[in-house]
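Thanks for coming. I will go through the empty spaces in this model, then the helix packing, then a couple of backbone details.

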Amino acid sequence: MADDLRSSEAWPPGRVIALAATFDERDNIGPLVDALLAVDPALQVLVVDDDSPDGTGRLVLERADQEPRLHVLVRRGRRGLGSATLEGLELARRHGFEIVVNLDADFSHDPADVPRLVAALGPGGPGSPAVAIGSRRVPGGRVVGWPLSRHVASRLVCWFTRLVLGVPVRDASSGFRAVRLAVLGRVTGPFAEGYAFQEDFLWRVHRAGGRIVEVPITFTDRTRGRSKAGLAESCRSIGDLVRLARRTWLGW
Ligand SMILES: Nc1nc2c(ncn2[C@@H]2O[C@H](COP(=O)(O)OP(=O)(O)O)[C@@H](O)[C@H]2O)c(=O)[nH]1
Ligand SMILES: [Mg+2]
């Protein structure tokens, strides 16, 4: 939108960019940007903030003035994790990047795992995966620090996505994933705008013939700030998943 705020449009050329959507991540975003920039001198970082009331967007915009590898889009109003992620993917593609590594801003996803996810995409070309998921549900993957209720909810969604939606992956809800941006030319929306974007995107990639692989990761529950996956967000996601099931089985 016209009144969105952006860091400089002059991005250095690059191949891989890390993407974090943020809403009220003031205590996490500084250390996260530092950790990502330290992973590899060629890695760039894009933050898509939804005008966080706690000032996350302003903080990271100021930082971007001093750091040419950091890019920021601050959108007006809260428009959802899925819509922020999609806008980030499209922006990275417009700037000529090949691969986006999407991760949460709360350190649940370890920046040190980024190179492993990128490597799992292989050299590109026919047969290479379109998406590599940082997965909690393949051998070697695990979750640290979640209450039982989160384990149950997350497992239900992953089962639903595999068995009802027919997407052959174990951790469809994971927000840690490397995406080869060429796949955007093969999938069409409208995509779910909230948390169900994660399953929705994989559903579309799979139906377009894109290959999806899973790489084990350790997911650690956040220690700073609070989760934004509240009741309203959960209800919206359930609605989105039910609509996908209808499309899968009834075609409308
Ligand atoms: N831009 C944007 N980011 C969001 C929104 N909702 C959540 N996020 C971010 O999405 C990521 C995952 O959210 P989180 O609250 O950690 O969800 P949880 O891990 O499922 O508990 C975090 O980086 C959040 O700051 C939103 O509406 N807009
Ligand atoms: Mg989180």
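What you see is a predicted model. I start with the enclosed spaces: there are 2 cavities of 30 Å³ or more in the structure.

The largest cavity has a volume of about 60 Å³. Its lining consists of Arg 6, Ser 7, Ser 8, Glu 9, Trp 11, Leu 46, His 71, Val 72, Leu 73, Leu 91 and His 95. Which strand gives the most to that lining? Strand S4, residues 70-74, does, with 3 residues. Sorted by class, the lining of the largest cavity comes to 5 nonpolar, 4 polar and 2 charged residues. The charged ones can be picked out of the list as Arg 6 and Glu 9.

The second largest cavity holds about 40 Å³ of space. Around it sit Thr 85, Leu 89, Asn 102, Arg 177, Val 179, Phe 197, Gln 198 and Phe 201. Three elements each supply at least two residues of this lining, namely H3, strand S8 (177-180) and H6. Of the elements, H6 gives the most, with 3 residues. The class count for the second largest cavity is 4 nonpolar, 3 polar and 1 charged.

Now the open space. How many residues line the largest pocket? The lining has 39 residues, and those nearest the pocket centre are Leu 81, Arg 150, Tyr 195, Ser 227 and Ala 229. Several elements give two or more residues to the lining of this pocket: strand S2 (16-22), helix H3 (81-94), helix H5 (148-164), helix H6 (197-207) and helix H7 (231-250). The volume of the largest pocket is about 940 Å³. By class, its lining divides into 16 nonpolar, 11 polar and 12 charged residues. Note that H3 and H6 are on the list for the pocket, and that H3 and H6 also supply residues to the second largest cavity.

Next, the helix packing. Two packed helices are described by the angle between their axes and the distance between the axes. I have three pairs to show, and H7 takes part in the pairs with H6 and with H5.

Take H6 and H7. Their axes come within 10 Å and cross at roughly 20 degrees. That angle makes H6 roughly parallel to H7, the cut-off for roughly parallel being under 35 degrees. The crossing of H6 and H7 is left-handed. On the H6 side, the contact is made by Glu 199, Asp 200, Trp 203, Arg 204 and Arg 207, and on the H7 side by Leu 241, Leu 244, Arg 247 and Thr 248. In class terms, the contact of H6 with H7 has 3 nonpolar, 1 polar and 5 charged residues.

The second pair is H5 and H7, which pack at an angle of about 10 degrees with their axes 11 Å apart. H5 and H7 are therefore roughly parallel to each other. Their crossing is left-handed. From H5, Val 157, Phe 160 and Val 164 meet Leu 241, Ala 245, Thr 248 and Trp 249 of H7. What classes of residue make up the contact of H5 with H7? It has 6 nonpolar, 1 polar and no charged residues. Leu 241 and Thr 248 of H7 take part in this contact, and Leu 241 and Thr 248 are also named in the contact with H6.

The third pair is helix H1, residues 26-39, and helix H2, residues 56-66. H1 and H2 pack at an angle of about 30 degrees, with their axes 9 Å apart. H1 and H2 are therefore roughly parallel to each other. Is the crossing of H1 and H2 left-handed or right-handed? H1 passes H2 in a right-handed crossing. Arg 26, Ile 29, Gly 30, Val 33, Asp 34 and Leu 37 of H1 make the contact with Thr 56, Leu 59, Val 60 and Arg 63 of H2. The contact of H1 with H2 contains 5 nonpolar, 2 polar and 3 charged residues.

Last, the backbone. Where is there a cis peptide bond? The bond from Gly 189 to Pro 190 is cis, with omega near 0 degrees, and Pro 190 is found in the loop between S8 and H6. Asp 24, in the loop between S2 and H1, has a positive phi of about 55 degrees although it is not a glycine.

That is what I wanted to show.

Technical notes:
Residues numbered from 1 in each chain as written. Chains lettered and ligands numbered in written order. Predicted model: local features only at pLDDT ≥ 70, side-chain atom pairs only at ≥ 80, totals over all residues. Heavy atoms only, no water. 1 Å grid on protein atoms, 1.4 Å probe; cavity = no way out; pocket = protein on both sides within 12 Å on 5 of 7 lines; lining within 4 Å. Points joined across faces, edges and corners; volume = space filled by probe spheres on them. Helix = DSSP H or I, 4+ residues; strand = E, 2+ residues; numbered from the N terminus. Axes fitted to C-alpha atoms, helices over the stretch in contact; angles between N-to-C directions. Parallel < 35°, antiparallel > 145°, perpendicular 65-115°, else oblique. Left-handed = near helix turned anticlockwise from the far one by under 90°. Contact = heavy atoms within 4.5 Å.
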